[in-house]
Amino acid sequence: MKPLISIIIPAYHIAGLLPGMVKDLLGQPFKFFEILIVIRADDPDTAAVAEELAKSDDRVRVICRKQPGVSSGRNAGIEAAQGEYLVFPDGDDRVTKGYLGTLLGTIADSEKKPLSKGFPRISAQMGLIGYDVIEDDRVIDQTEESGIRVMNQEDFLCRLFFQENYQGYVWNKIFKKSIIDKFNLRFDERVYYREDQLFVCEYALHCDAIRYNPARMYHYVQRSDSATAALMPEDGVLDIKTLEREMTQCIAFSKMRSLLKEHEDPQWFLEQEYVFYALETFYRMRLVEDHEYFKDSYFRDIAKEILSIEYYPLDDWEKEQLDSLKKYEQTGITEENKDEG
(Lines give C-alpha, C1' and ligand atoms only; values in the text may rest on other atoms or scores of the structure.)
Protein backbone atom coordinates (compact mmCIF):
# COMPACT_ATOMS: atom_id res chain seq x y z
CA MET A 1 0.00 0.00 0.00
CA LYS A 2 1.35 3.43 -0.94
CA PRO A 3 2.23 5.50 2.16
CA LEU A 4 0.26 8.68 2.80
CA ILE A 5 3.16 10.44 4.58
CA SER A 6 6.87 10.25 3.82
CA ILE A 7 9.05 11.06 6.83
CA ILE A 8 12.51 12.23 5.77
CA ILE A 9 15.34 12.09 8.32
CA PRO A 10 18.91 13.06 7.38
CA ALA A 11 21.10 11.17 9.85
CA TYR A 12 24.74 12.04 10.50
CA HIS A 13 26.72 11.16 13.63
CA ILE A 14 23.58 10.40 15.65
CA ALA A 15 23.92 6.62 16.00
CA GLY A 16 22.97 6.69 19.67
CA LEU A 17 20.01 9.05 19.23
CA LEU A 18 18.36 7.96 15.98
CA PRO A 19 16.58 4.90 17.47
CA GLY A 20 14.66 7.15 19.87
CA MET A 21 13.09 9.20 17.07
CA VAL A 22 12.36 6.14 14.92
CA LYS A 23 10.77 4.36 17.91
CA ASP A 24 8.54 7.40 18.52
CA LEU A 25 7.46 7.39 14.88
CA LEU A 26 6.81 3.65 14.67
CA GLY A 27 4.67 3.94 17.81
CA GLN A 28 2.32 6.53 16.27
CA PRO A 29 -1.39 5.62 16.13
CA PHE A 30 -1.36 6.73 12.49
CA LYS A 31 0.32 3.91 10.55
CA PHE A 32 0.29 4.79 6.85
CA PHE A 33 3.74 6.24 6.41
CA GLU A 34 7.28 5.49 5.34
CA ILE A 35 10.47 6.58 7.08
CA LEU A 36 13.38 7.50 4.82
CA ILE A 37 16.65 7.63 6.77
CA VAL A 38 19.24 9.39 4.65
CA ILE A 39 22.78 8.41 5.66
CA ARG A 40 26.32 9.17 4.53
CA ALA A 41 28.95 6.57 3.70
CA ASP A 42 31.55 8.34 5.87
CA ASP A 43 29.44 7.72 8.99
CA PRO A 44 29.40 3.90 9.29
CA ASP A 45 28.09 3.88 12.87
CA THR A 46 24.87 5.75 12.02
CA ALA A 47 24.56 3.76 8.79
CA ALA A 48 24.73 0.48 10.72
CA VAL A 49 22.04 1.64 13.17
CA ALA A 50 19.83 2.79 10.30
CA GLU A 51 20.15 -0.58 8.55
CA GLU A 52 19.12 -2.38 11.74
CA LEU A 53 16.10 -0.12 12.11
CA ALA A 54 15.11 -0.89 8.52
CA LYS A 55 15.23 -4.61 9.30
CA SER A 56 12.83 -4.11 12.20
CA ASP A 57 9.99 -2.60 10.13
CA ASP A 58 9.38 -2.63 6.37
CA ARG A 59 8.18 0.99 6.51
CA VAL A 60 11.76 2.09 7.14
CA ARG A 61 14.06 2.61 4.16
CA VAL A 62 17.71 3.68 4.08
CA ILE A 63 19.12 5.99 1.40
CA CYS A 64 22.83 6.77 1.03
CA ARG A 65 23.94 10.19 -0.18
CA LYS A 66 27.35 11.48 -1.19
CA GLN A 67 26.99 15.23 -0.63
CA PRO A 68 27.41 16.71 2.87
CA GLY A 69 24.85 18.84 4.64
CA VAL A 70 21.32 18.40 5.94
CA SER A 71 19.89 20.06 2.81
CA SER A 72 21.34 17.44 0.49
CA GLY A 73 19.91 14.76 2.77
CA ARG A 74 16.44 16.25 2.68
CA ASN A 75 16.65 16.70 -1.09
CA ALA A 76 17.61 13.05 -1.51
CA GLY A 77 14.59 12.13 0.60
CA ILE A 78 12.28 14.30 -1.50
CA GLU A 79 13.47 12.53 -4.65
CA ALA A 80 12.77 9.09 -3.15
CA ALA A 81 9.53 9.90 -1.29
CA GLN A 82 6.35 8.08 -2.28
CA GLY A 83 3.93 9.78 0.08
CA GLU A 84 1.35 12.46 -0.64
CA TYR A 85 2.66 14.53 2.28
CA LEU A 86 6.20 15.17 3.54
CA VAL A 87 7.43 15.62 7.11
CA PHE A 88 11.02 16.47 8.11
CA PRO A 89 11.81 15.66 11.78
CA ASP A 90 15.39 15.77 13.05
CA GLY A 91 16.76 12.38 13.98
CA ASP A 92 18.07 13.49 17.38
CA ASP A 93 14.76 14.95 18.64
CA ARG A 94 11.62 13.27 20.00
CA VAL A 95 7.91 13.36 19.15
CA THR A 96 4.75 12.61 21.10
CA LYS A 97 2.10 10.08 20.11
CA GLY A 98 -0.28 11.85 17.80
CA TYR A 99 2.46 13.88 16.09
CA LEU A 100 1.70 12.51 12.62
CA GLY A 101 -2.06 12.40 13.01
CA THR A 102 -2.22 15.96 14.33
CA LEU A 103 -0.01 17.25 11.50
CA LEU A 104 -2.14 15.42 8.95
CA GLY A 105 -5.27 16.93 10.47
CA THR A 106 -3.95 20.43 9.80
CA ILE A 107 -3.59 19.87 6.06
CA ALA A 108 -5.73 16.95 4.87
CA ASP A 109 -8.47 18.02 2.50
CA SER A 110 -11.76 18.13 4.42
CA GLU A 111 -13.85 20.20 2.05
CA LYS A 112 -16.31 17.33 1.68
CA LYS A 113 -17.22 17.55 5.35
CA PRO A 114 -18.82 20.99 5.86
CA LEU A 115 -19.06 22.51 9.28
CA SER A 116 -22.42 23.18 10.92
CA LYS A 117 -24.84 25.45 9.06
CA GLY A 118 -23.18 24.55 5.77
CA PHE A 119 -19.95 26.48 6.27
CA PRO A 120 -17.18 24.79 4.25
CA ARG A 121 -13.93 23.82 5.92
CA ILE A 122 -10.85 25.68 4.77
CA SER A 123 -8.41 23.45 2.93
CA ALA A 124 -4.81 24.27 3.86
CA GLN A 125 -1.67 23.64 1.82
CA MET A 126 0.70 23.65 4.82
CA GLY A 127 0.17 22.73 8.44
CA LEU A 128 2.17 23.24 11.61
CA ILE A 129 1.98 22.33 15.27
CA GLY A 130 3.43 23.62 18.52
CA TYR A 131 6.70 22.48 20.02
CA ASP A 132 8.88 22.79 23.09
CA VAL A 133 12.62 23.03 23.62
CA ILE A 134 14.25 20.58 26.01
CA GLU A 135 17.64 20.92 27.68
CA ASP A 136 18.91 18.56 30.36
CA ASP A 137 15.53 16.81 30.44
CA ARG A 138 13.56 19.95 31.25
CA VAL A 139 11.49 22.29 29.10
CA ILE A 140 13.24 25.66 28.72
CA ASP A 141 10.99 27.16 26.03
CA GLN A 142 7.73 26.43 24.24
CA THR A 143 5.19 27.88 21.85
CA GLU A 144 2.58 29.94 23.64
CA GLU A 145 -0.53 30.23 21.43
CA SER A 146 -3.47 28.23 22.70
CA GLY A 147 -5.92 28.21 19.79
CA ILE A 148 -6.11 26.74 16.32
CA ARG A 149 -5.49 29.39 13.69
CA VAL A 150 -5.93 29.48 9.93
CA MET A 151 -3.71 32.05 8.24
CA ASN A 152 -3.66 33.41 4.74
CA GLN A 153 -0.35 33.64 2.90
CA GLU A 154 0.42 37.23 3.88
CA ASP A 155 -0.34 36.67 7.56
CA PHE A 156 1.85 33.60 7.74
CA LEU A 157 4.76 35.26 5.92
CA CYS A 158 4.71 38.16 8.37
CA ARG A 159 4.62 35.78 11.32
CA LEU A 160 7.46 33.76 9.81
CA PHE A 161 9.81 36.62 10.62
CA PHE A 162 8.50 38.14 13.84
CA GLN A 163 6.71 35.52 15.90
CA GLU A 164 8.57 32.58 17.40
CA ASN A 165 5.72 30.11 16.88
CA TYR A 166 6.05 30.41 13.12
CA GLN A 167 9.81 30.36 12.69
CA GLY A 168 11.05 28.51 9.67
CA TYR A 169 11.71 25.14 11.26
CA VAL A 170 10.54 22.30 9.06
CA TRP A 171 10.28 19.66 11.80
CA ASN A 172 6.93 20.95 13.13
CA LYS A 173 5.33 21.31 9.68
CA ILE A 174 3.76 19.15 6.97
CA PHE A 175 3.96 19.82 3.24
CA LYS A 176 2.18 18.61 0.12
CA LYS A 177 4.52 16.75 -2.19
CA SER A 178 2.42 17.79 -5.19
CA ILE A 179 3.31 21.45 -4.54
CA ILE A 180 6.99 20.61 -4.02
CA ASP A 181 7.07 18.63 -7.26
CA LYS A 182 5.05 21.11 -9.32
CA PHE A 183 7.34 24.02 -8.47
CA ASN A 184 10.53 21.95 -8.14
CA LEU A 185 11.16 23.17 -4.60
CA ARG A 186 14.36 21.99 -2.93
CA PHE A 187 16.56 22.95 0.00
CA ASP A 188 19.44 25.23 -1.00
CA GLU A 189 22.59 23.14 -0.49
CA ARG A 190 24.79 26.26 -0.31
CA VAL A 191 23.08 27.33 2.91
CA TYR A 192 23.94 25.77 6.27
CA TYR A 193 21.78 27.97 8.51
CA ARG A 194 18.21 29.12 7.75
CA GLU A 195 18.01 26.70 4.85
CA ASP A 196 14.76 25.51 6.43
CA GLN A 197 13.30 29.02 6.73
CA LEU A 198 14.17 29.66 3.07
CA PHE A 199 12.40 26.44 2.05
CA VAL A 200 9.32 27.31 4.14
CA CYS A 201 9.23 30.81 2.65
CA GLU A 202 9.42 29.50 -0.92
CA TYR A 203 6.76 26.89 -0.22
CA ALA A 204 4.42 29.38 1.48
CA LEU A 205 4.34 31.48 -1.69
CA HIS A 206 2.32 28.65 -3.25
CA CYS A 207 -0.18 28.43 -0.37
CA ASP A 208 -3.57 30.08 0.06
CA ALA A 209 -4.05 28.90 3.64
CA ILE A 210 -1.84 27.55 6.45
CA ARG A 211 -3.34 25.91 9.53
CA TYR A 212 -1.70 25.99 12.96
CA ASN A 213 -2.55 23.57 15.78
CA PRO A 214 -0.96 24.61 19.12
CA ALA A 215 -0.58 21.02 20.38
CA ARG A 216 3.07 20.74 21.46
CA MET A 217 3.91 17.33 20.05
CA TYR A 218 7.41 18.01 18.79
CA HIS A 219 10.26 18.11 21.30
CA TYR A 220 13.37 19.89 20.09
CA VAL A 221 16.27 18.60 22.18
CA GLN A 222 18.99 21.21 22.61
CA ARG A 223 22.48 19.68 22.87
CA SER A 224 25.90 21.19 23.41
CA ASP A 225 27.33 19.45 20.33
CA SER A 226 24.55 20.45 17.91
CA ALA A 227 25.06 22.62 14.82
CA THR A 228 22.97 25.39 16.39
CA ALA A 229 24.91 25.29 19.65
CA ALA A 230 28.14 25.71 17.68
CA LEU A 231 26.98 29.26 16.88
CA MET A 232 27.02 30.16 20.58
CA PRO A 233 30.43 29.22 22.05
CA GLU A 234 31.03 30.37 25.61
CA ASP A 235 33.82 32.75 24.59
CA GLY A 236 31.77 34.16 21.69
CA VAL A 237 34.48 33.30 19.15
CA LEU A 238 33.59 30.91 16.33
CA ASP A 239 36.12 28.76 14.54
CA ILE A 240 36.49 29.89 10.95
CA LYS A 241 34.65 26.92 9.43
CA THR A 242 31.61 27.47 11.66
CA LEU A 243 31.75 31.20 10.99
CA GLU A 244 31.74 30.67 7.22
CA ARG A 245 28.74 28.39 7.60
CA GLU A 246 26.97 30.99 9.73
CA MET A 247 27.59 33.56 7.00
CA THR A 248 25.48 31.47 4.60
CA GLN A 249 22.33 32.44 6.52
CA CYS A 250 22.73 35.82 4.83
CA ILE A 251 22.46 34.07 1.44
CA ALA A 252 19.12 32.71 2.65
CA PHE A 253 17.97 36.14 3.85
CA SER A 254 19.00 37.76 0.56
CA LYS A 255 17.14 35.16 -1.46
CA MET A 256 14.01 35.51 0.71
CA ARG A 257 14.16 39.27 0.31
CA SER A 258 14.05 38.80 -3.45
CA LEU A 259 11.20 36.31 -3.19
CA LEU A 260 9.14 38.75 -1.13
CA LYS A 261 9.60 41.82 -3.30
CA GLU A 262 5.85 41.82 -4.09
CA HIS A 263 4.94 41.37 -0.41
CA GLU A 264 5.59 44.70 1.29
CA ASP A 265 4.75 43.85 4.90
CA PRO A 266 6.49 40.45 5.10
CA GLN A 267 9.53 41.91 3.35
CA TRP A 268 9.75 44.69 5.94
CA PHE A 269 9.76 42.18 8.81
CA LEU A 270 12.30 40.06 6.93
CA GLU A 271 14.60 43.03 6.32
CA GLN A 272 14.70 43.98 10.00
CA GLU A 273 15.66 40.42 10.95
CA TYR A 274 18.13 40.25 8.05
CA VAL A 275 20.03 43.35 9.19
CA PHE A 276 20.11 42.22 12.81
CA TYR A 277 21.60 38.81 12.05
CA ALA A 278 23.95 40.17 9.39
CA LEU A 279 25.38 42.59 11.97
CA GLU A 280 25.84 39.76 14.48
CA THR A 281 27.66 37.74 11.81
CA PHE A 282 29.79 40.72 10.83
CA TYR A 283 30.75 41.29 14.48
CA ARG A 284 32.18 37.75 14.58
CA MET A 285 33.95 38.28 11.25
CA ARG A 286 35.75 41.24 12.81
CA LEU A 287 37.18 38.94 15.48
CA VAL A 288 39.25 37.12 12.84
CA GLU A 289 42.84 38.35 13.19
CA ASP A 290 43.52 38.48 9.45
CA HIS A 291 41.50 41.56 8.54
CA GLU A 292 41.86 40.87 4.80
CA TYR A 293 40.54 37.30 5.10
CA PHE A 294 37.07 38.24 3.80
CA LYS A 295 38.26 40.69 1.14
CA ASP A 296 37.02 38.54 -1.76
CA SER A 297 34.01 37.12 0.09
CA TYR A 298 30.43 37.25 -1.19
CA PHE A 299 29.73 38.98 2.10
CA ARG A 300 30.79 42.27 0.48
CA ASP A 301 27.68 41.98 -1.72
CA ILE A 302 25.68 41.18 1.41
CA ALA A 303 27.12 44.32 3.03
CA LYS A 304 26.05 46.42 0.07
CA GLU A 305 22.52 45.03 0.29
CA ILE A 306 22.33 45.56 4.06
CA LEU A 307 23.41 49.18 3.68
CA SER A 308 20.61 49.74 1.16
CA ILE A 309 17.93 48.66 3.66
CA GLU A 310 16.16 51.31 5.73
CA TYR A 311 17.15 50.37 9.25
CA TYR A 312 17.50 52.43 12.40
CA PRO A 313 20.17 51.10 14.78
CA LEU A 314 18.76 50.27 18.18
CA ASP A 315 21.89 51.12 20.15
CA ASP A 316 25.51 52.24 19.89
CA TRP A 317 26.66 48.66 19.22
CA GLU A 318 24.52 48.40 16.07
CA LYS A 319 25.59 51.87 14.92
CA GLU A 320 29.24 50.90 15.32
CA GLN A 321 28.71 47.68 13.33
CA LEU A 322 26.92 49.56 10.53
CA ASP A 323 29.68 52.17 10.32
CA SER A 324 32.35 49.49 10.11
CA LEU A 325 30.26 47.48 7.63
CA LYS A 326 30.24 50.49 5.30
CA LYS A 327 34.04 50.65 5.41
CA TYR A 328 34.26 46.90 4.80
CA GLU A 329 31.95 47.13 1.77
CA GLN A 330 34.22 49.80 0.28
CA THR A 331 37.61 48.24 1.08
CA GLY A 332 37.04 44.56 1.82
CA ILE A 333 39.00 45.00 5.05
CA THR A 334 37.43 44.36 8.44
CA GLU A 335 38.34 46.34 11.53
CA GLU A 336 38.67 45.22 15.11
CA ASN A 337 35.56 45.68 17.21
CA LYS A 338 35.97 48.67 19.45
CA ASP A 339 35.51 46.61 22.57
CA GLU A 340 38.05 44.06 21.32
CA GLY A 341 40.87 46.44 20.41
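Me: Which residues line the largest cavity, and how do you know that they belong to the lining?

Reply: In this predicted model, the largest cavity is lined by Pro-68, Gly-69, Val-70, Ser-71, Ser-72, Glu-189, Val-191 and Tyr-192. A residue counts as lining if it has an atom within 4 Å of a cavity point, so these eight names are the residues that pass that cut-off.

Me: How many cavities does a search of the whole structure find, and what is the volume of the largest cavity?

Reply: With a lower limit of 30 Å³, the search finds one cavity, and the volume of the largest cavity is about 40 Å³.

Me: How does the lining of the largest cavity divide by class?

Reply: The lining has four nonpolar, three polar and one charged residues. Glu counts as charged, and Gly is placed among the polar residues, so Glu-189 is charged while Gly-69 is polar.

Me: Why are α7 and α9 called roughly parallel to each other?

Reply: The axes of α7 (residues 195–204) and α9 (residues 249–259) come within 9 Å and cross at roughly 10 degrees. Angles under 35 degrees count as roughly parallel, and therefore this pair is given that name. Where the two helices meet, Gln-197, Leu-198, Cys-201 and Glu-202 of α7 touch Ala-252, Phe-253, Lys-255, Met-256 and Leu-259 of α9, and these residues divide into six nonpolar, one polar and two charged.

Me: What makes α8 and α10 roughly antiparallel to each other?

Reply: Helix α8 (residues 240–247) and helix α10 (residues 264–285) have axes that cross at roughly 155 degrees and come within 10 Å. Since an angle over 145 degrees counts as roughly antiparallel, the two helices are therefore described in that way. Their crossing is left-handed, and the contact is formed by Leu-243, Glu-246 and Met-247 from α8 together with Thr-281, Arg-284 and Met-285 from α10. Three of these residues are nonpolar, one is polar and two are charged.

Me: Why is α11 called oblique to α12?

Reply: The axes of α11 (residues 299–308) and α12 (residues 316–331) come within 9 Å and cross at roughly 130 degrees. That value lies above the range of 65 to 115 for roughly perpendicular but is not over 145, so α11 is oblique to α12. The crossing is left-handed. The residues that meet include Phe-299, Ala-303 and Leu-307 in α11 and Leu-322, Leu-325 and Tyr-328 in α12, and the whole contact divides into seven nonpolar, two polar and four charged residues.

Methods:
Residues numbered from 1 in each chain as written. Predicted model: local features only at pLDDT ≥ 70, side-chain atom pairs only at ≥ 80, totals over all residues. Heavy atoms only, no water. Axes fitted to C-alpha atoms, helices over the stretch in contact; angles between N-to-C directions. Helix = DSSP H or I, 4+ residues; strand = E, 2+ residues; numbered from the N terminus. Left-handed = near helix turned anticlockwise from the far one by under 90°. Contact = heavy atoms within 4.5 Å. 1 Å grid on protein atoms, 1.4 Å probe; cavity = no way out; pocket = protein on both sides within 12 Å on 5 of 7 lines; lining within 4 Å. Points joined across faces, edges and corners; volume = space filled by probe spheres on them.
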